[in-house]
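Let's take a walk through this one together. Have the viewer open and follow along as we go.

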Amino acid sequence: MIKKSQTSIEELKQNIQSKSGTDLFDIILEDIQELRKILFDPQSTAVFMTAINATHWINEKMNEWLGETNAADILSQSVPNNITSEMGLALMDVADVIRPYQQVIEYLQNVKDENFLEKIVKLHGGQEAHDAIIAFLNKYGMRCSGEIDITKTRWSEKPITLVPMILSNIKNFEHGAGKLKFEQGKQEALKKEQELLDRLKQLPDGEEKANETKRMIDRIRNFIGYREYPKYGYINRYFVYKQALLKEAERLVHAGVLLEKEDIYYLTFEELRDVVQTNELDYAIITKRKDDYKGYEKLTPPRVLTSEGERLFGKYERENLPAEALAGLAVSTGVIEGRARVILNMEDANFEDGDILVTAFTDPSWTPLFVSVKGLVTEVGGLMTHGAVIAREYGLPAVVGVENATKLIQDGQRIRVNGTEGYIEIL
Amino acid sequence: MGSLVIGFEEMDKTQLGLVGGKGLNLGELSKIEGIHVPEGFCVTTVGFQKAIEQNEMYHALLNQLESLKTEDREQIGEISSKIRQILMEVTIPVDVEKEVTYYLTQFGEEHAYAVRSSATAEDLPHASFAGQQDTYLNILGVDAILHHLKKCWASLFTERAVIYRIQNAFNHSQVYLSVIVQKMVFPQASGILFTADPITSNRKVLSIDASFGLGEALVSGLVSADNYKVKEDTIVDKMIATKKLAIYGRKEGGTETRALDSEQQQSQTLSAEQILQLARLGRQIEAYFGSPQDIEWCLVDNTFYIVQSRPITTLFPIPEANDEENHVYVSVGHQQMMTDPIKPLGLAFHLLITPAPMRKAGGWLFVDVTPMLASPITRNILVNNMGQHDPLMKDALMAIIERDFIETKPVAQKAPSANINNTDVRHKSKTIQQSFLI
């Protein structure tokens, strides 16, 4: 399935190159049908649903049989074929390449120039750094925070976004830490598996229980990694569409139809097609929508909304929480204390060893930051949303769905994250 | 009458630049049948310009101000103080004075008036200049009114206003001021009416804050107010506050703050009948403007007067539906771990891709789960699956279910058409859950 998706993206890249004007819109619409086919392929969904169901099964049965809560968390560490968690480790490898070159590190620490990749090659070790970053971008450069919005700036469009993360990796790790981390996680998972199976065998019908459990663990470990792949394929295509549309937008800027090429972000697909066809645009629409968007930035979306406009955020019904603790959903086991870093913008990420990341949301692009922190707290999310899956694979204690966490926790405060019970204490 | 001074009832929408947002709003309110607005008029931005157009000192100082940045605090203080002084000493153009006097005679010279400013910017007539809108209450006599007119003009150049404009890149010379002169009322009670619940954003719930005396006590946070909530002509919630103080107008002009006796402190400000009457007025005003409104009202001798109405801009948008039925929507952003607003092209692409019934609400996408909530079987599937992944989502859905917001339609087991329908709903429900897991 991964191969099939890759081939189909290569075909798109070939096809789209020669297209311009309204032809471009036709080919995108055509390709979206292909994307939908891949994305909602029942076979593809079945793969990760198998893993998700197995996860629920393990958590339920291990609790019932052995009194173990969230047993699937550790069993999910360092699984193969997870394109998102591999990305975090790949950026550690980029750091490994740059670490020996002090001159490059110093340059990166002060760089503000968005075209830094062109300049870096002149430094000692710069070519190596350049090549490592480009290789990373070739594989992951279509991603960025908020990537499901096609208009957001991709890492390939602004590679400087990655610099703070690379520097954090250089500072906080030694050479080869990526592989070591993966290997350690895998060993822990295998150890846990062995431990559970041994304990199960002691129970009545133990052999049978152990066999069934082993089958479920294999399902998790073989298939949960694929849970991240469909979105990767989808974001890949997004970037191909986007680059083609921006080329068209540039033409419109030259023709004096657009003031800036990014103004196309404020049109719908059909509206943009009309503009391309007629070379005419009523700018009042753009101005109005820019204003509207600024207004939206001040609003917080609710989980549930009614036709009456009522917003519902939901409440936890929890007992036995420590006083003053902030309730959340436990998605990755472990209890950790550390300094909270409240980071809303990935570019501001500058971690010290032992820090805990506190943010609004973590879509796949936030993964490279997960390797540098010891705990994770987010305002939204669930058991199977992106951040949670990756946190488990990295063995990173995590609590999600902590309402207003970025406002209630101050940057720099010491906190304790309880990823087993699902709450945060401010110390 | 010319364009220097305009009465509320003579205003039309094209005159926004002349009278400012607040002024025009009073003009619009005055036109709604059955809505009482205390009489009044605006000294327009042209009136203001006429007063300063020949004033070389003013223009020279204004030029100096244009070049300053926020950190030039000292110079800002010095220059703006000089400009304020010039404006306080400026000669009011004869035509302006004549027209002001004309209106005052019309409405009654012996009455007290409120004088307040209504700022506007050349390219941004809707820009609000929060906190810079001076209001002077209970002003008596033509001379005093003209004096406060100048005070309002000068308020354009308080240090705070100047710094605000620098921070927001407004040109000082392109910000104009209109001044509203409105007959004072001496209310037994006043307050604020939101035609939507400001906390939950529910458009069907009106929220009324009420306290005794003039509204200034409430607006300035001097007293806590009663709060009443009205839904579909029924009072659904009531919170009676302890109202220790009230501000009243004095006979000789100005206002005074008075302590209330302990019995009045605890008493409900508006009667049930008055609450419902006010709620109906609110709906009428909302219908006229076509959007939820934040309304300042006061009660004089059992008649409600409206002194201000403006759109509520902080409400969360509602997805468009093509029927009048109740709908329930579930956030896509929470499932995708991306709750930032999405730009229009981003929304468009997402809509092209998803198989789920997704709807736009401002910069966000929501899935319409109404059909799933209408069937008892799929309702359970939806709530349990969502709950397994996100208990907050489950809790929010349960809150809706518990109040029967969506009626369940029992599935007739024997009718084959119903079964097909049921399968269809199950299929849809599966589609939705899959689309969430991308």
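Where in chain B is Asp301(B) found? Look in the loop between strand 12 (293-300) and strand 13 (303-311) of chain B. Keep in mind as you zoom in that this is a predicted model. Asp301(B) has a positive phi of about 45°, even though this residue is not a glycine. Is Asp301(B) buried or exposed? Its relative accessible area is 65%, and exposed here means over 50%, so Asp301(B) counts as exposed.

Now jump to Met337(B), another non-glycine residue with a positive phi, this time near 55°. Met337(B) sits in a loop too, the one between helix 11 (333-336) and helix 12 (344-353) of chain B. Here the surroundings are another matter: the relative accessible area of Met337(B) is 0%, and buried means under 20%, so this residue counts as buried.

Back to the strands that flank Asp301(B). Strands 12 and 13 belong to an open sheet of 6 strands in chain B, which runs in the order 9-8-7-6-12-13 with antiparallel pairing. At the edges you'll find strand 9 (234-239) and strand 13, each of which pairs on one side only. Going from one strand to the next, the twist averages 20°. As a reminder, strands of a sheet pair through backbone hydrogen bonds, in either a parallel or an antiparallel way. For a closer look at one such pair in chain B, take strand 6 (residues 189-194) and strand 7 (residues 205-212), which pair in the antiparallel sense over 6 bridges. If you want a spot to click on, Leu193(B) has Ile208(B) in strand 7 of chain B as its bridge partner.

Next, the helices. In helix 2 (residues 45-52) of chain B, the residues Thr45(B), Gly47(B), Phe48(B), Ala51(B) and Ile52(B) are buried. Look down the axis of helix 2 of chain B and these buried residues fall within an arc of 160°, so they line one face of the helix. The N-terminal end of helix 2 of chain B is capped by Thr44(B), with a side-chain oxygen 3.2 Å from the backbone nitrogen of Val46(B). Helix 6 (residues 142-155) of chain B holds Asp143(B), which counts as exposed at 66% relative accessibility. The C-alpha atoms of Asp143(B) and Pro311(B) are separated by 35 Å, and the two residues are 168 residues apart along the chain.

What about the partner chain? Ile353(B) makes a handy bridge to that topic. It's found in helix 12 of chain B and is buried, with a relative accessible area of 3%. Leaving aside neighbours within four places in sequence, Ile353(B) is in contact with Ile32(A), Leu35(A), Arg36(A), Leu39(A), Phe40(A), Tyr234(A) and Tyr238(A). Zooming out, 69 residues of chain A are in contact with 63 residues of chain B. The area buried between the two chains is about 6,100 Å², and carbon and sulfur atoms give 68% of that. On the chain A side, Arg303(A), Leu305(A) and Glu308(A) supply 13% of the area that chain A buries against chain B, more than any other three residues.

Finally, step back to chain B as a whole. Its secondary structure comes to 16 helices and 16 strands. Of its 438 residues, 56% count as buried. And among the contacts in chain B with a separation of 6 or more, 67% come from residues 24 or more positions apart.

Conventions:
Residues are numbered from 1 along each chain as its sequence is written. Chains are lettered from A and ligands numbered from 1 in the order in which they are written. This is a predicted model: local features need pLDDT of at least 70, side-chain atom pairs count only at pLDDT 80 or more; totals for chains, interfaces and linings use all residues. Side-chain values use heavy atoms; hydrogens and water are left out. Helices (H or I, at least four residues) and strands (E, at least two) are DSSP runs, numbered from the N terminus. Buried means under 20% relative accessible area, exposed over 50%, partly exposed in between (1.4 Å probe, protein chains only). Two strands pair if DSSP finds at least two bridges between them. Axes are lines fitted to C-alpha atoms, for helices over the stretch in contact, and angles run from 0 to 180 degrees between N-to-C directions. The arc is that of the directions from the helix axis to the C-beta atoms. A polar contact is a pair of N or O atoms within 3.5 Å; within protein, one must be able to donate a hydrogen and the other to accept it, and residues adjacent in sequence count only if both atoms are side-chain atoms. Contact means heavy atoms within 4.5 Å. Buried area is the accessible area (1.4 Å probe) that two parts lose on being put together, summed over both.
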